[in-house]
Amino acid sequence: MICMAMPLAAFPQKGGKTALSMQQQGMVNVHTCDSTIQVELMYAKADNFTGAVLYEDLLDAYLHPKAAKALAKAQKHLRQKRPDLSLKIYDAARPMSIQQKMWDKVKGTKKNIYVSNPANGGGLHNYGMAVDITLCKLNGDTIPMGTVIDFLGKLAHIDNEAMLVKQKKVSQEAINNRKLLREAMTFAGFKPLRTEWWHFNLCTRAEARRSYKVIK
């Protein structure tokens, strides 16, 4: 599978300076690998944990080509098992300038443990090697996952899900859906994050800093 950087004119209704900048830095639009993957970037609207619009001119999901190809592999695997479902991206490659805006919103608060500090090199979103993602029906409607995406708290953790069900804090249906998401993503090489059921990394931070460039 080949994922190619597309001319910005290929997506005139969604293009902007941020998309062009990421293309110039080697990122690819996920839809050049698989157009069936659904996208609804949560930081393109104020309905996220920061309460602010961070992507003022970006509605498409970009990733490093390796991550985009892996995500297409995950989508194919999911659709073979569940043709009624699709992956849905809420965040993908994130320029460091946006990371700084996000950090500025949480520094000095209890939420700062959930955001990578740009001063420390940022996180894997800033290399195009991480994605925030969920499952949805083919019409775009999301299915139960126990919490909304971007929920900062123990109900979003994946290391004690059986207890969450036992305590009736999260439904078994939601946990089964999380497991289906993890199965598809890990099949393609992604690794889950303990504290966020929706977050997946394709490599470690050490590998990213050694082999890839930060998105400016």
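Which residue's side chain does lysine 45 meet in a salt bridge? Here are a few notes to help you find your way around this predicted model.

1. The partner is glutamate 40: its side chain and that of lysine 45 meet in a salt bridge, with 2.6 Å from N to O. Lysine 45 has a relative accessible area of 31%, so it counts as partly exposed. Glutamate 40 is partly exposed too, at 29% relative accessibility.

2. Next, have a look at arginine 82, whose side chain forms a salt bridge with that of aspartate 84. The N to O distance given for this pair is 2.8 Å. Arginine 82 is partly exposed, with a relative accessible area of 32%, and aspartate 84 is partly exposed at 37%.

3. A further pair to visit is lysine 107 and aspartate 104, which form a salt bridge with their closest N and O atoms 3.6 Å apart. Is lysine 107 buried or partly exposed? At 48% relative accessibility, lysine 107 is partly exposed. Its partner, aspartate 104, is also partly exposed, with a relative accessible area of 38%.

4. Some of these contacts link up: Glu40, Lys45 and Lys88 are joined into one network by salt bridges that share partners. When you return to the pair in the first point, please add Lys88 to your view, as it belongs to that network.

5. How many salt bridges does the structure hold? The count is nine, and the pairs described above are among them. As general background, side chains of opposite charge can pair when their charged atoms come close.

Definitions and conventions: Residues are numbered from 1 along each chain as its sequence is written. This is a predicted model: local features need pLDDT of at least 70, side-chain atom pairs count only at pLDDT 80 or more; totals for chains, interfaces and linings use all residues. Side-chain values use heavy atoms; hydrogens and water are left out. A salt bridge is a side-chain nitrogen of Lys or Arg within 4 Å of a carboxyl oxygen of Asp or Glu. Buried means under 20% relative accessible area, exposed over 50%, partly exposed in between (1.4 Å probe, protein chains only).
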